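Here are a few exercises to work through with the model open beside you. Try each task before you read its solution.

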Amino acid sequence: MNERELILDSLIEILEKGAYTDRTLSDLLFKYGYLDRHVKALLSREITGVVENKILLDYIISLDSKTKVNKLKPIVRNLLRMAIYEIYFLDSIKDHAAVNEAVKLCKKRGLGGLSGFLNGVLRSVIRRKEALPSGQKFPGCDEKILYSVPDEVWNVLNECSDDPAALAKAMMEQSSITVRVNEDEISSEELKKILEESGATVSKVSLEDVLGKTITALSVSGLGVLEKNEEFIKGRFYIQDLSSMAVAIVSDPKEGDYVIDVCAAPGGKATHAAQLMHGKGHVDARDLTEYKVELIEENKTRLNLSNLSAKVFDATKLDEDVLGKADIVIADLPCSGLGVIGKKPDIKYNFSIEKASELAKLQAQILDVVCQYVKPSGKLVYSTCTINKAENEENALSFEKRHPEFALKGYTQILPDINIGNDGFFIAVFEKSNE
């Protein structure tokens with residue numbers, strides 16, 4: 001199979017069968033690990049790019065296809081998306097090559113009778129592109145189409161920002177990898193130097209004034225195969241988004257604290273809290289399945305953390321053994337994930353207000369349970385990786401009304417920033433009265 005066949009099959013899995021982009025791509029790159037790095041880069045860029053831009057690509061198809069996009073055969077539909085993505089977004093591929101390769105693959109997949117249709121649509125697309133005024137890249141379309149944002153997601157963006165188009169653009173253009181330095185093992189300056197000597201490009205990034213805290217990390221590109229990086233293997237850094245790092249920072253665990261992370265996998269916030277406690281106290285990291293707990297255990301072992309344990313526990317169930325014992329409860333709960341569209345573009349196509357409402361109910365249910373683990377004067381830290389108000393501040397304010405023993409000390413909605421490349425995140429901090 002050539003790379004276009006791999007791309008086509010991956011797109012069918014994601015866009016036709018509902019597979020997750022990140023998992024599909026990860027499995028593909030693992031299976032074909034022997035491929036040249038440039039080929040891997042193409043696979044990654046084109047698969048992610050087609051998914052990110054699906055609405056725009058389908059709009060362009062509709063301008064020149066007499067058959068509606070949803071009526072096309074899945075193979076033809078995704079061959080068109082692939083080729084149009086190459087025509088508009090990949091300067092390294094000539095337009096005629098994109099057309100020819102799509103037609104060849106159409107025939108190879110047993111749809112030779114539709115190759116003429118495919119060829120005709122793509123030739124029309126090229127003519128339309130060439131006829132555009134200088135400096136204009138796409139046929140006239142509104143911003144929702146330009147940034148491939150479904151209507152319900154656009155409404156959420158509009159609630160969050162005075163400039164939803166800029167927010168949509170920031171979400172699409174996130175590409176940075178940020179690493180949390182294990183400062184018990186190595187300084188940021190030392191790690192930066194080592195990674196740069198290995199060929200990576202490294203810079204310092206920060207989020208200012210997140211509930212009074214500044215969050216700093218290293219932004220890295222050209223890291224190579226993570227599992228082969230010696231510093232990663234030694235546990236000297238952890239891949240984590242800057243916004244996600246803010247959760248443990250604003251939780252502010254002290255040496256000797258007992259911290260419960262109720263939905264901890266794969267362990268970013270739990271291991272961060274454990275490191276901030278410098279081996280003292282204990283972090284009780286929990287999640288729903290053995291698989292998720294194994295992920296936490298892997299990171300615990302790699303980071304050499306002695307003050308963290310992991311176990312299977314359903315956050316919706318009450319654990320009477322820890323009632324009133326935790327200094328801090330971290331509740332980073334299941335959510336609609338709109339803040340991480342930049343990393344998981346299929347999320348925006350699966351979002352609905354109805355699904356988000358059900359998630360908000362689940363979040364409220366879990367908060368009502370896990371808040372009982374907080375000791376007097378202790379903290380409950382609620383977070384999500386979405387930007388949907390119903391799951392965020394509305395949920396936080398509703399919790400405070402239901403639980404007068406907790407005071408909402410502050411909350412913040414972090415939006416994706418095109419200059420930083422961070423995720424969208426919500427964090428609320430509650431303090432339990434000492435009475």
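**Exercise 1. Place the partners of Arg402.** This is a predicted model, so treat it as such while you work. How exposed is Arg402, and which residue forms a salt bridge with Arg402?

*Solution.* Start with Arg402: its relative accessible area is 34%, so Arg402 is partly exposed. Next, look for the partner: Arg402 forms a salt bridge with Asp368, and the closest N and O atoms are 3.0 Å apart. Now put the two on the fold: Arg402 belongs to helix H18 (residues 393-402) and Asp368 to helix H17 (residues 353-370), so the bridge ties together parts that are 34 residues apart in sequence. Finish with Asp368, which also has a relative accessibility between the limits of 20% and 50%: at 25%, Asp368 is partly exposed.

**Exercise 2. Follow the salt bridges of helix H1.** Which residue pairs with Glu5, and which with Glu16?

*Solution.* A search of the whole structure turns up 28 salt bridges. Take Glu5 to begin with: Glu5 bridges to Lys108, with the closest N and O atoms 2.8 Å apart. Glu5 sits in helix H1 (residues 3-16) and Lys108 in helix H6 (residues 95-108), so this pair ties together parts 103 residues apart in sequence. Check the burial of each: Glu5 is buried at 5% relative accessible area, whereas Lys108 is exposed at 56%.

Then go to Glu16, whose side chain meets that of Arg81 in a salt bridge at 3.6 Å, N to O. Arg81 is in helix H5 (residues 74-89) and Glu16 in H1, so here the linked parts are 65 residues apart in sequence. Arg81 is buried, with a relative accessible area of 4%, and Glu16 is partly exposed at 29%.

**Exercise 3. Describe how H1 packs on H3.** At what angle do the helices pack, and which residues of H1 and H3 make the contact?

*Solution.* Get the geometry down: H1 and helix H3 (residues 37-52) pack at about 35°, and their axes are 10 Å apart. The crossing is right-handed. On the H1 side, the contact is made by Glu3, Leu6, Ile7, Ser10, Leu11, Ile14 and Leu15. On the H3 side, Val39, Leu42, Leu43, Glu46, Ile47, Val50 and Val51 take part. Sort the contact by class and you get eleven nonpolar, one polar and two charged residues. As for the spacing in such lists, an α-helix has 3.6 residues a turn, so residues three or four places apart point the same way.

**Exercise 4. Build the sheet and add its helix.** In what order do the four strands lie, and which helix lies across E1 and E4?

*Solution.* Write out the order: the sheet is open, runs E2-E3-E1-E4 and pairs antiparallel. Find the edges: strand E2 (201-210) and strand E4 (237-239) each have a single partner strand, so one side of each has no neighbour in the sheet. On average, neighbouring strands are turned by 40° against each other, direction ignored.

Zoom in on one pair: three bridges join E1 (residues 177-181) to E4, and Arg180 stands opposite Tyr238 in E4. Now add helix H14 (residues 268-276), which lies across E1 and E4 at about 30° to E1. Eight of its nine residues are buried, so H14 is largely enclosed by the rest of the structure; His272 is one of the buried ones. Just after H14, His278 takes a positive phi of about 50°.

How values were computed. Residues numbered from 1 in each chain as written. Predicted model: local features only at pLDDT ≥ 70, side-chain atom pairs only at ≥ 80, totals over all residues. Heavy atoms only, no water. Salt bridge = Lys/Arg side-chain N within 4 Å of Asp/Glu carboxyl O. Buried < 20%, exposed > 50% of the residue type's maximum accessible area, 1.4 Å probe, protein only. Pairing = 2+ DSSP bridges. Axes fitted to C-alpha atoms, helices over the stretch in contact; angles between N-to-C directions. Contact = heavy atoms within 4.5 Å. Left-handed = near helix turned anticlockwise from the far one by under 90°. Nonpolar A, V, L, I, M, F, W, Y, C, P; charged D, E, K, R; others polar.
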